[in-house]
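Me: Please take a close look at a single part of this structure with me, and explain it slowly, in connected prose, for someone in a first year of study.

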Amino acid sequence: MAQALSSPGQRRPGPRFRLDPMPYLFILPAVLIYVVFNLGPVVASFFFSFFKWDLLSPTTEFTGFDHYTFILNDDRFWNALGHNFIFLGLAVVIPVSMGLFLAVFIYEIRRGRVVFRAALFLPAIFSGVVIAYVWKWIYHSFAGVLNAVLEAVGLGAFTQLWLGDPNLALYSTFVAYTWASFGYSMVIFLAGLQDISTDIFDAARVDGANFWQKLFYITIPCLYDVFTFVITLRIFTAMGVFGVIYILTGGGPFYASDVIDIYVFRMIGNFEMGWATAAATVNAVIVVILSTGFIKYREWRSWSS
Amino acid sequence: MNTSHFRSIFQFLTVAALAILLAGALSLSPALAQDSTDILVWGLGYASNYDELLVERFNEAHDDVNIVFEDVLTGEISENNQKLRVAMQNEAGPDVLGGLDVGANLRALVATGQVRDLTEFYRESGLIERIPDNLLSQVTIEGRIYAIPQNLESVGIFYNKDAFAELELETPATFEEYIDVLEAVKDAGHYGYTMGLAGGWPSALMASMFMYSSAGSEYIDVLSGTQPWPDCDNCLDGLDAFQGMVANGYANPDPLGIDYDQSLDLFYQGQSIMVLNGPWFINDANLAEPDFEIGFFYLPAVNPATDIKTLGGIGGSIIIAEYAPVDAAFKVVEWLTSEEIAVQALRDIAVLPAFSIDVPEDIPPLYYQIASETAANVDKIGFWPVTYLAPKVFGDMNQIVQGMIGGMLTPEEFLDEMQATHSAYLAES
């Protein structure tokens, strides 16, 4: 008689799910730090956007969507947001392209690769405050290096009030931002380039492909996922730009370089935590939509091709 | 385990307990012997190195009260106020604080019951007799006094005495003479009016100086919201004169692109001859060590009929936290407001107290001139705009002044823009 494999009430033998606590214990400190210092403030910020609170009063007053209504009806909010979008538009093109070209340059050269890589990455490791102060003196209209160099090389007609001209201030701050940020893009692209098989480049060389053909038909397509990451990173930093602009222009002259984080900072300085957190929440939602939308678009494009 | 083991353990525990008791007694003994009360202080209202010096002097002179100094304040007022609010709400803030800005911040601290009512202290200590009424009104809320005005500041023009002598210029008594001086300075290839507005606050300060200079106390009505900004016709003359500093080429180039510190460098380097500033400038100038002598005069009134001589007011005030040990805190404040300490601060770092003192004549001539002129004109000082305006409106004012100086707004549009900003804030808050 065939022996029954199991009888009622008896557990069936086979693979069983076993919860090993060790990995969770290892990641617990990181998760706790993330929850307390990242997630917690985000949730608190969203919560406070519905209350009138000045950091001091033990009581708060529920205001519903009033702060959002005020923010969305404030011309200065839209002015600041517009500047963030200009910054974003430039940031996904210029520092990213610079990072790519410099990464390819460093990848291609035979000698001095380490020196170039270190020199070009150097600005990225400086504090943003230091960078801003350096650029403040570079841009000084009559004691600064930039105008002095332009004068010295016979281009005096191109000297400008780099930070004092409302038409230029935002773009001048963007140059300082680019100087500080292209190094990150470059290092990430460089890491991506090293993952591309050299066989592909060798085959292209045998087929007679020139530099530009290799760049557009091999390098850029092979760095598809790296591009997604680098551009997403630019979305975060461009929409959250603060330090460089705050030190260089304070958002001026006459709001010409104002961005959302400076707008929020001005509200916090007034202890209007409700308005400040509402503006910050709107900005955060925009960043989430932009970055998620971009990532999804790239995934869809990758899948459809 | 035999009895000898128990004996050893017992001996060890006895020795350990005695050691702990001895250590505890030793650590407590100084406090018991002195019976002193600690008073936590974040700042006494001066620069932190001078605060530390004062704390040292106080602790040497007092056995019953000990100041514990925590140097947590920075040069950023808004950041300091955030720290203060959070700490005071949790009763972890300072017991005594000097240098607090009056205006919206003091009103908020009082409204939430964080600050001790000092009305009785004023009466008992006789302090009420020593502070001018207009300064007292700045720290009085609904008839009660909550802070002690600590120092008094007034804004004027610091000038390069050597350059004035070289150009054979006299200090101007009228606004017309002031324009003549500016023209002469411009002809000599220098800048007469130093302007660095990129940092923000100097914009509102300078515009306010000129509006006080033309509209006097009418400008106070505008700041306090009892008169609409566009209705201040006399303000326009001041704004025109202010805009004229740039339009007529008296100011340095790029006033919107350089900040306060960079503009002062122009003065120290001799490129610029005059700078509108407050008495805190004296310490900056002492550190910069320019190779010329510095003089001082008040900006002559744009409108000679104005009832306000200059811009200024309380540079900082002293408060006592509601949770502070009262007697010990009063002792610190009494010492801080004594004539001895006030005169010493004037002598050492050119800070004029807000309470009346006899200005000593043996201090540097520039200190003496500013202190005596400020004291003499105390009832003709128009207070800082931030005394009346919410910090947000003040912050916006800095940007709007930049718009006017940059030619993006006319003086009339400036007043309209200020009205819109001010009334939008009042309506929403």
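Reply: Contact, as the word is used here, means heavy atoms within 4.5 Å. The model is a predicted one, and a glycine of chain B shows how the word is applied: leaving aside its neighbours within four places in sequence, Gly249(B) is in contact with Lys186(B) and Gly244(B). This glycine belongs to the loop between H11 and H12 of chain B, and it counts as partly exposed because its relative accessibility is 33%, a value between the cut-offs of 20% and 50%. The C-alpha atoms of Gly249(B) and Arg116(B) are separated by 51 Å, and these two residues lie 133 residues apart along the chain.

The part I would choose for the close look is the place where chain A and chain B meet. There, 34 residues of chain A are in contact with 39 residues of chain B. Between them the two chains bury about 3200 Å², and 61% of that area is on carbon and sulfur atoms. Of the area that chain A buries against chain B, 24% is supplied by Leu56(A), Phe142(A) and Phe254(A), which is more than any other three residues supply.

The polar side of the meeting can be counted as well. Between chain A and chain B there are 3 salt bridges, and 10 residue pairs are in polar contact when both residues have pLDDT 80 or more. On the side of chain A that touches chain B, helix H6 (128-139) and helix H13 (260-269) of chain A each supply at least two residues. H13(A) gives the most to this side, with 4 residues. Sorted by class, the side of chain A that touches chain B has 18 nonpolar, 10 polar and 6 charged residues.

A salt bridge gives us a residue to follow in detail. The side chains of Arg76(A) and Glu417(B) meet in a salt bridge, at 2.7 Å from N to O. Arg76(A) has its place in helix H3 of chain A, which covers residues 75-91. Is this arginine buried or exposed? Arg76(A) counts as buried, because its relative accessible area is 14%, which is under the cut-off of 20%. When residues up to four places away in sequence are not counted, Arg76(A) touches Tyr255(A), Asp258(A) and Tyr263(A) in chain A, and also Asp396(B), Ile400(B), Glu417(B) and Thr421(B) in chain B. With one of these, Tyr255(A), the side chain of Arg76(A) makes a polar contact to the side chain, at 3.4 Å.

The loop between H12 and H13 of chain A also deserves attention, for it holds Phe254(A), one of the three residues named above for the area they supply. Most residues other than glycine have a negative phi, and most peptide bonds are trans. With that in mind, look at Phe254(A), where phi is near 50 degrees, a positive value in a residue other than glycine. A cis peptide bond joins Gly252(A) and Pro253(A), with omega about -5 degrees, and Pro253(A) has its place in the loop between helix H12 (243-248) and H13 of chain A. Phe254(A) counts as buried because its relative accessibility is 18%, again under 20%.

To set this part in its surroundings, consider the partner, chain B, which has 19 helices and 11 strands. Along the principal axes, the C-alpha atoms of chain B fill a box of roughly 105 × 50 × 45 Å. Of its 429 residues, 54% count as buried, while chain B exposes about 18100 Å², with carbon and sulfur atoms supplying 51% of that. Among the contacts in chain B with a separation of 6 or more, 74% come from residues 24 or more positions apart.

Chain B, too, has a residue with a positive phi: the phi of Asp254(B), a residue other than glycine, is near 55 degrees. The place of Asp254(B) is the loop between helix H11 (233-247) and helix H12 (260-268) of chain B, the loop named for Gly249(B) at the start. Asp254(B) is buried, because its relative accessible area is 5%.

How values were computed
Residues are numbered from 1 along each chain as its sequence is written. Chains are lettered from A and ligands numbered from 1 in the order in which they are written. This is a predicted model: local features need pLDDT of at least 70, side-chain atom pairs count only at pLDDT 80 or more; totals for chains, interfaces and linings use all residues. Side-chain values use heavy atoms; hydrogens and water are left out. Buried area is the accessible area (1.4 Å probe) that two parts lose on being put together, summed over both. A salt bridge is a side-chain nitrogen of Lys or Arg within 4 Å of a carboxyl oxygen of Asp or Glu. A polar contact is a pair of N or O atoms within 3.5 Å; within protein, one must be able to donate a hydrogen and the other to accept it, and residues adjacent in sequence count only if both atoms are side-chain atoms. Ala, Val, Leu, Ile, Met, Phe, Trp, Tyr, Cys and Pro count as nonpolar, Asp, Glu, Lys and Arg as charged, and the others, Gly among them, as polar. Buried means under 20% relative accessible area, exposed over 50%, partly exposed in between (1.4 Å probe, protein chains only). Accessible areas come from the Shrake-Rupley method with a 1.4 Å probe; for residues, only the protein chains shown count as cover.
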